[in-house]
Every structure is written in C-alpha cells, then in structure tokens.
Amino acid sequence: MQQPSTDRKLNPIEAADAASLAVHTQDLAKRYGKTVALSGLTMSVRRAEVFGFLGPNGAGKTTAVKLLVGLARPTAGEAWVLGTPVGDLRTRRRLGYLPELFRYQGWMKASEVLGLHCELAGLPRSAWKAEIAGALETVGLRERADDRVEGFSKGMQQRLGLGVALLGRPELVLLDEPTSALDPVGRHDVREIIRQLKDRGTAVFLNSHLLSEVEQVCDRLAVVDRGRVIATGTMSQILGQDGAVRLRVTGLPPAGRASLRAFGNLEDEGEWLTFRGLSPDRVPELVSEIVNQGGRVYAVEPRHETLEDRFLQLLKEQDV
Amino acid sequence: MHVLTIARLTVLEASRRKLLLALALLTLVVIVLTSWGFSRLPTMKGVTSAEVRVAASQLTILVAFMFSGVLALGSTLVAAPSIASDIESGIALAILPRPIRRSEVLMGKWLGLAVLIALYAALSGVLEMIGIRWATGYLPPNPTAALSFVAAEGIVLMTLALLLSTRLAPMTGGVIALVLFFVGWIGGIALAIGQTFANDTIINIGVGSRLLIPTDGLWHGAIFYLEPSDFLAAAQAAGRARAGNPFFADAALPLPYLLWIAAWILIVLVLANWSFARRDL
C-alpha cells in the first residue's frame, strides 16, 4: 500500500539512530492540494516513553499520526516507525492505533470486533481468546462483550477502540485524542492504561489538545502549531528550567523598571512584576536592585508555570 | 490470507444487515407469483402446446430480464458504498493501519460481493426454472449458461461501482454506475437498430457502448441461451425485422468479446486498486 520513501536523506549514523527510536521523522510534510497540513515535522519518540503531541485544533496532529500509520502518504520528508520506514507491513504488526474519528462495524459484537483485529494483526488463533478477554477487561467492557457495537455510546466505542489498540502487546501505541468522548472516570482509566503500557515497555504517542492529560502522563512532549514543532523536550524543559518570579513592588520609577528587564522577560502589571526565565539564584540580586532603584518590595512569589501558560505563550510567540 | 477474511466479512455483513433475508423473501414471492402466472398459460382456451412453449420461452426471457435488472441494481447499491462508506464512517481508519494491504481489502470486498451475486443468480434462477418447468413443462435450452451471463452482468456492474467507490461518495458512485448501466442498455438497442437499418454510424456507437459497458452484451449472451432452437431458427428466417427486438439475440457471444469482458473486469479491478492505494485517508 503505502510505499516507503526512497528519497533517503539520513546518513548511515542517523539511520541507525532512527532504527533505535520508536518514531523518528525528518522534515515530514503533507499538503492536501493547496492546504499545508504539515510542514517540516522533525521529531523523535524514544522506545518505552510516553510522548505527548500537543497542539491547537488544526495544527496537523492527526495528519502526522495518519502519516505514521500509513493512512496518508507524505508529500516530502520521511518517517521511521520502530526502525522501519512508515508503511512497512511487518512493522504494523507491532503497532496499536486508536484513530480520532472512527467507528467499528455496528453489526458486530464487541468481542467480534476484537477477534477481527486479532486476525488482521496476524496473532496466532490460539491467543485470540485470551487477548480479547484481556482487552475487554482492561477497558472495562467485559460485561458488553456480546453486545452489538451499534448500541454503544461514543465513550464505549472509544473504550473499545483503546482495547483494539492494545491487542497483541504492541511496541508502539498511537492514541489520537483518546479521551475526547470519555467522562472523568474514563479519562482516569485511560491515564492508568497509558501508565501500564509504559511500565511494560510500550512507547505511547499521545496526540492531544488536552493539556492536563499530557501534563499528567507524558515523559516528553512536542508542541506543534501550523504543522511545525515549535518546542520539544521534557516537561521541565518545555516549561523552562528557570521558572518565573512574581513580585509586588511600589515606588519604582519608570527608568528603574526599564533597567530591570536585564533580569529576564518582564511582564509589568503595575504593582505586580513577573520575571520569566529568571534563575532562582538571581532572585536576591533582583530584590536588591529594586530596592536600590527606590522600590519597596512587599511580596516575592516563585511562580510555577503551568503547561497551559507555556503552551499559550509558545503559540503567542509564533504569532509575533 | 486477508482477502478471504474481508470476503467473509462482506458476506457476513450482508447476512447480519438482513439484506440476504429481504432478498430471499422478495425473490420467493416473485417466483411463486410468476410460476402461478406461467401455470395459467396451458389453461387458456384454444392455445396449442406449441404456442404455450413459445409464450413460455418469451416470458422466461422477460422474467430473466427482471432478475438481471434486480441483480444489476442490487449489485450497484451494495458495491457503491462498500469502500466509500467505510472511509466516511471511519471503519477504514481502524482496519487499514493493520498489516493488511489496501488491495487485499478491495479484492476481499470484490470476492465477497461476487460470491453473493453468483449465489443469488444461481439460487433464484434455479428456483424460477423449476417453477416454470412445473407450470408449463418448458425449460430453456441452456439455463446454466444463461444464469452465468446474468451473474456476470451483475459482477461487471459491481466491479464498476467498486472502482467508483474508491473515490466518490456512495450516492454519487451509485448514480453514475446506474446511469452507465442504462446508457449501455440504450447502446444495445441502438446497435440493434443500426443493424436492422444497416447504418454504420449507429452500429459503431452501439459496438462502442458494448465495449465500454459490457452489461448489455452479457444480457444478450443470456438471452441466446434462453431461446429454444426452433424459435431461433424461425426468428432468423424472419430476417432483419426481428433484429431490432431488444429481447432477442440471434447468436452466442463471440469468444473475443467474452475475452474482452474478462479483460474489462481485470482492467477495472487494476484501476480500482491503483485508485484506492493512492487515496489519502
């Protein structure tokens, strides 16, 4: 079906690195007619890590996942999944995938859907029963095994989809907005399942626009906007290791305020000043400088930036 | 072998969605009613057994025409959404990332639908023939060959609808396939008229339409095997006036044309696979 790219840009060393990764993309691009869905996506997902792929709606997240599982063909660039170019049939045996907008055959029972996917995944027939029972148990659908899928709610379909993605102990599971239709209990269950997958050495590629979800389960993440990665790293790297400090200050002359910008990215809200990218070691120096400038310091609050703050800031920086 | 898995799934879906049951019940009703109608022929006053035989043979062709129409329309309606609705609904998104080639999905669906068409043609045809035989004592000269051509007509249209289904929405693909089916039928009539009046232009249009859409050609192949030899001889003796009849065939389909139909199915399948393999989902 989807042929691996023959336009290999990686040198042998890079290719060897790509082989050791769960996912590696190099300048991956996808255009639908004149619409650019993904432009120059370069990222790596390590084995046995939970990787968050975060971005606003329309950023190209689903396009990226579709390229990785072979549902669409890249316009340019290349991608490797579990050490082989995307589209490799044998590699797909080691993949689990939960699409964002999907449906199973409504006329089938939940256990039959799982049985079909066991067959398509090439699992030995002797293992099907245990695989189906295990998947149903994990996603909390054991009681509904013999019910037709057409009677399932959206949330139950999503649970079933997650069960399908877990069949055969895949080495990489790609989840595209896995909790979009789930209630809080379902979301909690999904987080637990992701943690279990990580514990057993499965890499998880979590595509989401839900910041709290990504914040809670991901080891590393990439923030994507308009088809490009705008930031990537561990949570602390993304949030900024230096953090931020918020101070309540009065009596500071305008010239003094201007000179304080040397300490970091300053947000001036009148009495409240927020310094981003400031090392904690420099906080006493900052306070001293404010006092020297004639200011009076009433409060100094280290501020832990949330992913939401950082995410919005990154998007804002892109717009500038 | 994923082709067989998908074929089995296609047949199972038709069964679970009650398509087979609905078709079976309606077909039984039609067979019972037509058999009763046939049984009235010998009871008419002043009708000789030879006239009953001629009437039965002509009515058999009309009944076969009805069945071929049902099969053609049914094949289109089932095949046109087969790939397209899987893509629209998201079923394809769940299936295709598995270690399965798109060609296996497409060929599996083709095989499953072809089996359904062949089964329907065989079962409904055999039951109808039994009914006609019981009612009139008449049996066409080669019902097996006729039923094979009727089934092939359905398979040709199904293959075309499947190709359209790889790119077009179910309704659009279905409508286009049906329009082409009727264009082919009209093309067949044009060919008959062209032959009657020895008009080369009209003949060429008719031949062209039979090559592009071979459903009408196959229908005429079926007619030939439903015509008793004495009727055929009398009709041929009547000359070109009979040739304009769309329910008459004066010769079996030539081998090159049969080979072309086989090649046509192959070409359309290759195109369908090519089209589906290149579609971004």
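What follows is a walk through a predicted model of two chains, A and B.

Let's begin with chain A. Its secondary structure adds up to twelve helices and 14 strands. Measured out along the principal axes, the C-alpha atoms of chain A occupy a box of roughly 80 × 50 × 35 Å. Of its 320 residues, 42% count as buried. If you take the contacts in chain A between residues at least 6 apart in sequence, 70% of them join residues at least 24 apart. The domain assignment splits chain A into domain 1, covering 12-238, and domain 2, covering 241-304. Their C-alpha centres lie 44 Å apart.

For a foothold in domain 2, look at Gln293(A). You'll find Gln293(A) in the loop between helix H11 (283-292) and strand E14 (296-303) of chain A. Is this residue buried or partly exposed? A residue needs 20 or more other C-beta atoms within 10 Å to be called buried. Gln293(A) has 17 of them, so it counts as partly exposed. Leaving aside residues up to four places away in sequence, Gln293(A) touches Leu252(A), Pro253(A), Gly256(A) and Ser259(A). For a sense of distance, try Val217(A): this residue and Gln293(A) are 76 residues apart along the chain, and their C-alpha atoms are separated by 45 Å.

Another loop to stop at in chain A is the one between strand E9 (220-225) and strand E10 (228-234), where Arg226(A) is found. Arg226(A) isn't a glycine, yet it has a positive phi of about 50°. With 17 other C-beta atoms within 10 Å, Arg226(A) is partly exposed.

Now over to chain B. What does its secondary structure consist of? Chain B has eleven helices and zero strands, and reading along the sequence gives you the pattern α-α-α-α-α-α-α-α-α-α-α. Its C-alpha atoms fill a box of roughly 70 × 45 × 30 Å along the principal axes. How does that fit with the chain's length? A compact globule with 281 residues would have a radius of gyration near 19 Å, and the 20 Å of chain B agrees with that. Buried residues make up 41% of chain B. Among contacts in chain B with a separation of 6 or more, 81% come from residues 24 or more positions apart.

Helix H9 of chain B is a good place to see how those helices pack. H9(B) is mostly covered, with nine of its ten residues buried. The buried ones are Thr215(B), Asp216(B), Gly217(B), Leu218(B), Trp219(B), His220(B), Gly221(B), Ala222(B) and Ile223(B). And what covers them? The cover includes helix H3 (49-89), H6, helix H7 (170-196), helix H8 (200-212) and helix H11 (255-277) of chain B.

Of these neighbours, let's follow H6. The axes of helix H6 (residues 143-165) of chain B and helix H9 (residues 215-224) of chain B come within 8 Å and cross at roughly 170°. Angles over 145 degrees count as roughly antiparallel, so that is how H6(B) runs relative to H9(B). On the H6(B) side, the residues that meet H9(B) are Ala146(B), Phe149(B), Val150(B), Ala152(B), Glu153(B), Val156(B) and Leu157(B). From H9(B), the partners are Thr215(B), Leu218(B), Trp219(B), Gly221(B) and Ala222(B). Sort the residues of this contact by type and you get nine nonpolar, two polar and one charged.

Back towards the start of chain B, Lys18(B) sits in the loop between helix H1 (2-16) and helix H2 (19-40). Its phi is near 70°, a positive value in a residue other than glycine. Is Lys18(B) buried or exposed? There are 12 C-beta neighbours inside 10 Å, so Lys18(B) counts as exposed.

Finally, bring the two chains together. How many residues does each chain give to the contact? Chain A gives 26 residues and chain B gives 21 residues. On the side of chain A that touches chain B, helix H2 (61-69), helix H3 (89-92), strand E6 (95-98) and helix H4 (110-120) of chain A each supply at least two residues. By type, the residues on that side of chain A divide into 15 nonpolar, four polar and seven charged.

Definitions and conventions:
Residues are numbered from 1 along each chain as its sequence is written. Chains are lettered from A and ligands numbered from 1 in the order in which they are written. This is a predicted model: local features need pLDDT of at least 70, side-chain atom pairs count only at pLDDT 80 or more; totals for chains, interfaces and linings use all residues. Two residues are in contact if their C-beta atoms, placed from the backbone, lie within 7 Å. Helices (H or I, at least four residues) and strands (E, at least two) are DSSP runs, numbered from the N terminus. Ala, Val, Leu, Ile, Met, Phe, Trp, Tyr, Cys and Pro count as nonpolar, Asp, Glu, Lys and Arg as charged, and the others, Gly among them, as polar. Domain bounds come from an automatic or database domain assignment. Axes are lines fitted to C-alpha atoms, for helices over the stretch in contact, and angles run from 0 to 180 degrees between N-to-C directions. Angles under 35 degrees count as roughly parallel, over 145 as roughly antiparallel, 65 to 115 as roughly perpendicular and the rest as oblique. The radius of gyration is taken over C-alpha atoms; the globule rule is 2.2 Å times the number of residues to the power 0.38.
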